[in-house]
Amino acid sequence: MKIKVGLIGFGRMGQMYWEEMQKSGRWDIAYICDIDPASRELARNLSPSSRIISDEQEIFDDQSVEAVGLFALANSRKEQIEKAVHSGKHILTEKPIADTIDKEWEIVDLIEKYDKIAAVNLYLRNSWYHQAMKQFIAEGEIGELAILRICHMTPGLAPGEGHEYEGPAYHDCGMHYIDIARWYAGSEYKSWHAQGMRMWDYKDPWWVQCHGTFENGIVFDVTQGFVYGQLSQNQTHNAYTDIIGTKGIVRMTHDFRTAIVELHGVSRTLRLEKPFGGKNLDKLCNLMADSIESGKRDPGLPLMRDSAVASQYGWTFLDDARCHDLPGIGNLQTLEEIRERRRHMKDGYGLLRPKKTIV
Ligand SMILES: NC(=O)c1ccc[n+]([C@@H]2O[C@H](COP(=O)([O-])OP(=O)(O)OC[C@H]3O[C@@H](n4cnc5c(N)ncnc54)[C@H](O)[C@@H]3O)[C@@H](O)[C@H]2O)c1
């Protein structure tokens with residue numbers, strides 16, 4: 001029996017979930033809801049067997065719908081999660097789980113008393129490369145874990161293109177890296193210092209580096225910026241995880257197609273090269289389906305609490321960057337050129353799916 005689900009939000013992520021859910025054959029996508037007529041038109045064309053709607057209430061009122069997928073933007077999430085709880089549906093949601101820290105913690109309180117399956121997409125936790133590195137560390141191969149250096153810089157989403165409720169890049173995207181650092185450390189953030197750059201003189205920093213400590217003494221450095229050569233002729237990126245122990249190291253890098261993991265342990269040296277795996281939505285949707293079918297939450301499903309913690313530190317580190325010298329370099333004219341270039345790009349980093357895909 002397929003799991004009857006209603007999807008809310010059919011933009012870049014919603015379409016990706018739709019594809020994966022279709023492919024797996026485990027989901028009956030009964031409804032697709034979007035407030036934007038162009039997204040609904042696209043949904044009608046792609047998914048003729050789904051009911052395409054603009055009023056999400058229909059999904060919550062339909063008692064035969066078992067689960068909801070919440071893939072709109074952060075400003076509508078809290079209300080949708082509350083409606084899902086009140087109508088007794090399983091919840092698969094995008095991050096962040098709301099648009100302010102207070103609302104996120106209200107959701108955590110609500111969900112922790114809820115007996116249905118609820119999970120959030122912290123996709124790095126489901127990636128083969130982070131799992132391989134964590135396993136190697138757990139085997140004692142690098143001695144004691146001491147230093148975490150994580151960096152993700154791409155010519156991605158520019159200020160003003162979308163995701164305004166998700167905050168500047170360091171919160172919107174950076175919260176994944178803040179989460180994965182905490183996942184490796186197995187401890188809570190204790191101290192930090194953040195440095196930002198208001199690239200192109202934009203009001204918010206679009207590049208931030210934060211370093212500090214965890215309660216257990218492990219130190220971190222999380223760098224994130226969508227400022228990496230936006231107007232270069234051939235765009236590139238720089239994304240790595242570099243983990244240093246008392247005896248060995250592990251590290252990874254990727255080009256969005258292939259990920260390479262290098263494990264330099266005391267007794268083993270390995271180089272793993274496998275497909276990157278994108279957002280790993282196939283894994284997430286399968287874990288969710290397994291959990292719904294068995295009635296037992298798979299421990300691999302990320303918790304609302306993990307998302308709230310990562311989001312909270314995303315905002316905290318951004319605030320910290322604002323407390324220090326925060327230079328602005330460049331000008332808004334360059335930012336306008338970047339937006340203009342991205343508007344016409346067919347293949348680029350983090351492009352929001354065009355609204356009018358149907359010709
Ligand atoms: N986990 C990840 O790796 C990851 C990556 C990208 C985006 N995201 C998250 O996914 C969410 C969606 O991002 P996206 O890139 O798909 O954005 P998007 O702008 O491409 O899509 C959002 C869609 O939701 C629709 N929408 C907005 N408010 C709505 C409402 N109240 N009801 C119904 N539909 C509504 C919009 O019309 C749009 O079609 C964001 O919150 C973002 O933080 C997560």
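**View 1. The segment of residues 130–250 in the predicted model.** In this predicted model, the chain over residues 130–250 is 21% helix and 37% strand. The C-alpha atoms at the two ends of this segment are 10 Å apart. An unreviewed UniProt entry annotates residues 130–250 as "domain: GFO/IDH/MocA-like oxidoreductase".

**View 2. The ligand and the shell of residues around it.** The ligand is surrounded by 29 residues. The closest of them are M13, D34, R77, H163 and E166. By residue class, the shell divides into 11 nonpolar, eight polar and 10 charged residues. Both α1 (12–24) and α4 (74–86) supply at least two residues of this shell. The largest share, four residues, comes from α4. Residues of the shell are given by domain 1 (3–116) and also by domain 2 (124–278 + 310–344), so the ligand lies between these two domains.

**View 3. Polar side-chain contacts of the ligand.** Three side chains are shown here: those of D34, S39 and E94. In the side chain of D34, an N or O atom is 2.6 Å from an oxygen atom of the ligand. An oxygen atom of the ligand also lies 3.3 Å from a polar side-chain atom of S39. For E94, the ligand partner is a nitrogen atom, and the distance to an N or O atom of the E94 side chain is 2.9 Å. The ligand taken alone exposes 850 Å², of which the protein buries 91%.

**View 4. The cis peptide bond between K95 and P96.** K95 and P96 are joined by a cis peptide bond, with omega at about -15°. P96 belongs to the loop that runs between β5 (90–93) and α5 (101–111).

**View 5. D201, a residue with positive phi.** D201 is a residue other than glycine, and its phi has a positive value near 65°. The loop between β8 (189–199) and β9 (207–214) holds D201. With a relative accessible area of 35%, D201 is partly exposed, because this value falls between the limits of 20% for buried and 50% for exposed residues.

**View 6. N280, a residue with positive phi.** Phi of N280, which is likewise a residue other than glycine, takes a positive value near 55°. N280 is placed in the loop between β14 (269–275) and α9 (281–294). The relative accessible area of N280 is 4%, and this residue therefore counts as buried, a class that requires a value under 20%.

How values were computed. Residues are numbered from 1 along each chain as its sequence is written. This is a predicted model: local features need pLDDT of at least 70, side-chain atom pairs count only at pLDDT 80 or more; totals for chains, interfaces and linings use all residues. Side-chain values use heavy atoms; hydrogens and water are left out. A residue is near a molecule or strand if one of its heavy atoms lies within 4 Å of it. A polar contact is a pair of N or O atoms within 3.5 Å; within protein, one must be able to donate a hydrogen and the other to accept it, and residues adjacent in sequence count only if both atoms are side-chain atoms. Accessible areas come from the Shrake-Rupley method with a 1.4 Å probe; for residues, only the protein chains shown count as cover. Ala, Val, Leu, Ile, Met, Phe, Trp, Tyr, Cys and Pro count as nonpolar, Asp, Glu, Lys and Arg as charged, and the others, Gly among them, as polar. Domain bounds come from an automatic or database domain assignment. UniProt positions are given in the numbering used here, feature names are shortened, and annotations may be inferred rather than shown by experiment. Buried means under 20% relative accessible area, exposed over 50%, partly exposed in between (1.4 Å probe, protein chains only).
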